[in-house]
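Reader: I have a structure open at the bench and would like to talk it through with you, beginning with the ligand and moving on from there. Could you put it up for both of us?

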Amino acid sequence: MIGIDLGTTNTAIAVWRDGGPQLIPNSLGQVLTPSAVGIDDDGQLLVGMTARERQVTHPHLTATAFKRYMGTNRVTRLGEREFLPEELSALVLARVKADAEHYLKAPVNSAIITVPAYFNDKQRKATRRAGELAGLTVDRLINEPTAAALAYGIHRRQDETRYLVFDLGGGTFDVSILEIFEGVIEVRASTGDSYLGGEDFNEVLIQDMLRQFGASWGFTSREKDPLLYELLRDQAERARRELSMSPEAKMTVTWKDEHFEHAVTADHFESLCQKILTRLRDPVVRALRDSNVDLDQLKEVVLVGGATRMPIVRRAVTRMFGRFPATDLNPDEAVALGAAIQAGLKARDAALKEVVLTDVCPYSLGVDTGERRPDGTFRTDVFAPIIERNTVIPASREKHFATIQDGQQKIVFKIYQGESRIASENIYLGTIEMPVPPRRAREVGVTCRFTYDINGLLEVDVEVSNTKERQQLVIFDRENAEPGLDLEKRRKELAALKVHPRDRDANRAALARAARCFEHFLGEKREEVRRQISTFEAALDTQDSVTADHARAHLLTALDALEGQSFL
Ligand code: AMP
C-alpha cells in the first residue's frame with residue numbers, strides 16, 4: 001500500500017519500506033509530479049512535467065489546478081474529449097501508480113490518499129472516485145495536516161501537547177490544531193481557505209506587470225488572452241521562486257516580437273502581498289477559537305506546502321505566533337511521507353508504535369427544521385446542526401424534534417452539511433422520511449441521531465418517542481447510489497485513452513521545454529535554442545537510448561544556462 005499526496009500543483013507518492021517512509025521518484029527521477037494533464041498534436045494524453053511545460057505554449061490543450069474543482073461537474077475539454085475534475089485527477093493518479101509499480105517492481109493496488117481538511121463530503125467522494133478510476137482501492141482518505149503531523153514524528157513524542165499545522169499549497173490554505181496524548185493524535189480543529197495559495201501570489205506579480213505593460217500588450221482577460229496570460233504566469237512563478245533566494249528578480253516577456261522587462265524587489269513584492277498575507281490570519285484565529293487553544297499552549301507551528309518556502313510567508317508566520325516555525329522537513333514532501341506512514345500503520349509494521357488516529361468532522365452536519373418566530377409566524381428551511389464543525393470523530397449526537405401540525409403523518413428530515421443558517425444553502429446529502437402517529441401539533445416527539453465515522457460515513461437513526469418505534473433509516477445518497485457499473489465503464493473509457501508512455505517522458509518533457517524557450521527568446525538566444533533542438537532531434541532519430549540520454553543532458557544544461565533551472 002502506498003500513500004499519495006494528490007496536490008493542486010504537484011502530486012507526490014511514498015511507500016513504507018524498510019521501517020521508514022520513502023518518496024518514490026517518477027520517470028524523470030523527480031519526487032514531485034506536476035498535477036497537469038495535456039494533449040499533444042496527435043491526440044495522445046500527456047501527464048506530469050511534459051503537460052506542465054506545454055501549458056505556456058498550449059494553454060488550450062492543458063489542464064492544471066483541477067483539484068480546485070473536485071466534487072463539481074465542471075468539464076474541461078482537451079481536444080476531442082471532455083473530462084471531469086475527478087477524471088483528470090485519475091489520470092495523474094494512474095501515472096504515479098505506474099511510477100510506483102516501476103520503482104517497486106510489484107503491482108500497486110491500494111493507496112491512502114490525502115485531502116485538504118477543508119474538503120467537504122462531495123470533494124472527498126470525488127477524490128475517492130478518482131482513485132478508483134485509476135484502478136486503486138482507496139483504503140482511506142486522510143487529512144493533509146494529519147499526514148504532515150505523522151511525518152514530523154509528532155506522534156512519537158511522549159508528552160501531551162498541541163501543534164498547529166500551517167499548510168499553504170498552490171491553491172489551498174489549511175490550518176489544523178492537533179492534540180497528542182498517549183500516542184493518540186487528535187485533530188482538534190481544522191479551518192482554512194480553499195481559494196488561497198501560491199497562485200494568488202503569482203497573480204499579484206501578474207497584475208504588477210499588467211499595470212506597466214497591459215495597455216501596450218492590449219491585454220483584456222485571462223480567458224481572452226490565454227497565451228499571454230500563461231507567459232506572464234510562468235514569469236511570475238519564476239520570479240517568486242527567485243525572490244525566495246535573492247533580493248530582486250526580473251520578469252521578461254516577449255510578445256509580438258517585442259521584449260519587455262520588469263524588475264521586482266523583495267520589498268516591493270512584500271508590499272504588494274499585504275492583502276493576501278492578512279488573509280492568512282483569519283483561519284488561524286478561527287482554529288484557535290474553535291479548539292479553545294491559546295497561542296502559548298502550542299508546542300510548535302509546523303509548515304507544510306510549497307508556498308511556505310516564501311520568506312514573506314515565513315516572516316508573517318513568525319510575527320503571527322511570536323516564534324519561528326518548525327521547518328526540518330521539505331514542506332512539499334511532508335504530506336506524502338505522512339500518508340506512507342499511515343500506510344505502514346495500516347499494515348501494522350512492527351517498527352511503528354501503534355498510534356490511534358482520530359479526526360474531526362470539517363463541517364457541521366444537521367437537518368432542516370421549522371422555527372416559530374416570537375410573533376407567532378413560522379419559518380421553514382432553518383438549519384439545525386446535530387454534529388457541529390470540528391467535533392472529534394467518530395462521533396454520535398442526537399437532537400429532539402416535535403411535529404408542527406395537527407394530524408401530521410410523517411416527519412421529513414433533509415440532511416445537510418455546512419454552516420449556513422438557511423438549510424438549503426448548505427450541501428444537500430439526503431432525505432429521510434419517518435411515519436408518525438397522527439396527533440395534535442407538538443404531541444409527537446422524534447429523536448434524530450447522527451453517527452459519523454472516520455471514513456466520512458454518516459448514519460442517521462430516528463426514534464419516535466411516543467411509540468418507542470425505532471428505525472435505522474438509510475440515507476438516500478445519490479453519489480453512493482451511483483451504480484458500480486457506471487464507474488467500471490468510466491474506468492474502461494479512461495484506460496482506453498492513449499496515454500503517452502512513461503518511459504519516453506524525459507525526452508518529451510525536454511522537447512516541450514525547449515519549444516517553450518524557443519517561443520520565449522529572441523535573437524541570439526532563440527538561434528541557440530533552435531540549434532540545440534535540432535541536435536537533440538537528430539540524436540532521437542538514431543533511436544539509440546544512450547545517445548538520446550546524452551543529448552538530453554546536453555540540451556537541459558544549455559537550457560538551464562539560458563533561463564535558469566526548470567522547476568516543479
Ligand atoms: P504544493 O501544493 O504544496 O505542491 O505547493 C505548491 C506551491 O508552492 C506553488 O504555488 C509553488 O509556487 C510554491 N513553491 C514551491 N517552491 C517554492 C519556492 N522555492 N519559493 C516560493 N514558492 C514555492
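Reader: How do the residues of the shell around the ligand divide into nonpolar, polar and charged?
Author: Bearing in mind that this is a predicted model, the shell around the ligand is made up of 2 nonpolar, 8 polar and 4 charged residues.

Reader: And which of the 14 residues around the ligand come nearest?
Author: Those that come nearest are Glu237, Arg240, Ser244, Gly306 and Ala307.

Reader: What do the side chains of Glu237 and Ser244 have close to the ligand?
Author: Glu237 places a polar side-chain atom 2.4 Å from an oxygen atom of the ligand, while Ser244 has a polar side-chain atom 2.7 Å from a nitrogen atom of the ligand. Of the 500 Å² of accessible area that the ligand has on its own, the protein covers 89%.

Reader: How far is the side chain of Thr9 from an oxygen atom of the ligand?
Author: An N or O atom in the Thr9 side chain lies 3.4 Å from an oxygen atom of the ligand.

Reader: Which helix gives the most to that shell?
Author: That is helix α6, spanning residues 226–243, which contributes 3 residues to the shell around the ligand.

Reader: Where does the ligand lie with respect to the domains?
Author: The ligand lies between domain 1 (2–196 + 280–360) and domain 2 (198–275), because both of these domains give residues to the shell around it. The chain also has domain 3 (365–497) and domain 4 (502–563), and the C-alpha centres of domain 2 and domain 3 are 48 Å apart.

Reader: Changing topic, how many cavities of 30 Å³ or more are there?
Author: A search of the whole structure finds 5 of them, and the second largest cavity has a volume of about 70 Å³.

Reader: What lines the second largest cavity?
Author: Its lining includes Asn26, Thr33, Met49, Arg95, Asp99 and Asp505. The elements that give two or more residues to this lining are α1 (49–57) and α2 (85–104), and the lining residues divide into 3 nonpolar, 5 polar and 3 charged.

Terms used:
Residues are numbered from 1 along each chain as its sequence is written. This is a predicted model: local features need pLDDT of at least 70, side-chain atom pairs count only at pLDDT 80 or more; totals for chains, interfaces and linings use all residues. Side-chain values use heavy atoms; hydrogens and water are left out. A residue is near a molecule or strand if one of its heavy atoms lies within 4 Å of it. A polar contact is a pair of N or O atoms within 3.5 Å; within protein, one must be able to donate a hydrogen and the other to accept it, and residues adjacent in sequence count only if both atoms are side-chain atoms. Accessible areas come from the Shrake-Rupley method with a 1.4 Å probe; for residues, only the protein chains shown count as cover. Helices (H or I, at least four residues) and strands (E, at least two) are DSSP runs, numbered from the N terminus. Ala, Val, Leu, Ile, Met, Phe, Trp, Tyr, Cys and Pro count as nonpolar, Asp, Glu, Lys and Arg as charged, and the others, Gly among them, as polar. Domain bounds come from an automatic or database domain assignment. On a 1 Å grid over the protein atoms alone, a cavity is a set of points where a 1.4 Å probe fits but cannot get out, and a pocket is an open set with protein on both sides within 12 Å along at least five of seven lines; lining residues have an atom within 4 Å of a point. Grid points are joined across faces, edges and corners, and a volume is the space filled by probe spheres set on the points.
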